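Visitor: Please take a close look at the aromatic side chains of this protein. I would like their contacts and their exposure treated together.

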Amino acid sequence: MSKLLLVIDMQNDFIDGVLGNAECQAIVPKVIARMKQAHEDGWRILCTMDTHEQDYLQTGEGKRLPVVHCIRGTHGAELIEDIKLLERTFSAQTFLPEHPYEKPAFGSSALSRTLKAYDFDEIEIVGVCTDICVLSNAIILRSDHPDIALSVNASACAGVTPQSHRIALEAMRGCQITIREQ
């Protein structure tokens, strides 16, 4: 069985930067613990990175969310330090060759196509933001990979608000995505 832990957008701007919040900060230890467990269990890991260019405010997303964030080459766009430490600690085989995976928007069809090449039996998603990036990628993956065991670890995800986090979990549950509370 081939399993993947997909870690969504655990970047400085989403944790303690311009779009960070207490809920996002609170899940960091849970995400790190889940990554360590996945590594010990022989799972592969792929971290995504929301990646924008200097013209972000002129893009469709930037016009609807006019908060400059995750600009390529900035501290805010980097993965958090705890994940960088794991990158240096884990064996090279743990992370997929595409790690970290840069995506230009919150959801990525290209990411889903990339994962098809690996023929995973199971994918578990953790990270931020439940109600935007986690939700959109989970829905794309469910649509493109209907036979994969797809789950979201709710305790290792955080949304823009606690309410939007809960609403997103219910939406994913309705789309046949398993919601784990561990």
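Guide: What follows goes from the whole chain to the aromatic rings, one group after another.

The model is predicted. The protein chain has seven helices and six strands, and from the N terminus these elements follow the order β-α-α-β-α-α-β-α-β-α-β-α-β. Its C-alpha trace extends over about 45 × 40 × 30 Å along the principal axes. The radius of gyration is 15 Å, which agrees with the value near 16 Å for a compact globule of 182 residues. Of those 182 residues, 50% count as buried.

Aromatic pairs come next, and their number is two. One of them joins Phe90 and Phe95, with 5.9 Å from centre to centre and 25° between the planes. This pair is stacked, because planes under 30 degrees apart are classed that way. Phe90 has a relative accessibility of 8% and therefore counts as buried. Phe95 is also at 8%, so Phe95 counts as buried too; the cut-off for this class is under 20% relative accessible area.

Tyr118 and Phe120 make a pair as well, with ring centres 5.5 Å apart. Their planes meet at 20°, so this pair is likewise stacked. The two partners fall into separate exposure classes: Tyr118 is partly exposed at 24% relative accessibility, whereas Phe120 is buried at 4%. The boundary between those classes is 20%, so Tyr118, at 24%, falls in the partly exposed class.

A contact of another kind involves Trp43. Arg34 lies over the face of the Trp43 ring, at 4.8 Å from the ring centre. For an arginine, such a placement requires CZ within 6 Å of the ring centre and within 35 degrees of the ring normal.

That leaves Phe106, which belongs to the surface. Phe106 is located in the loop that runs between strand S3 (101–103) and helix H5 (109–116). Its relative accessible area is 37%, so Phe106 is partly exposed. Together with Ile132 and Val160, Phe106 makes a nonpolar surface patch of about 220 Å². Membership of such a patch requires over 30% relative accessible area, and Phe106, at 37%, is above that cut-off.

In short, Phe90 and Phe95 form a stacked pair, as do Tyr118 and Phe120, while Trp43 has Arg34 over its face and Phe106 contributes to a nonpolar patch on the surface.

Methods. Residues are numbered from 1 along each chain as its sequence is written. This is a predicted model: local features need pLDDT of at least 70, side-chain atom pairs count only at pLDDT 80 or more; totals for chains, interfaces and linings use all residues. Side-chain values use heavy atoms; hydrogens and water are left out. Patches are made of residues with over 30% relative accessible area and no salt bridge: like charges are joined within 9 Å, nonpolar side chains (Val, Leu, Ile, Met, Phe, Trp, Tyr) within 5 Å. Accessible areas come from the Shrake-Rupley method with a 1.4 Å probe; for residues, only the protein chains shown count as cover. A salt bridge is a side-chain nitrogen of Lys or Arg within 4 Å of a carboxyl oxygen of Asp or Glu. Helices (H or I, at least four residues) and strands (E, at least two) are DSSP runs, numbered from the N terminus. Buried means under 20% relative accessible area, exposed over 50%, partly exposed in between (1.4 Å probe, protein chains only). Rings of Phe, Tyr and Trp (its six-membered ring) pair if their centres lie within 6.5 Å; planes under 30 degrees apart count as stacked, over 60 as edge-to-face and the rest as tilted. The radius of gyration is taken over C-alpha atoms; the globule rule is 2.2 Å times the number of residues to the power 0.38.
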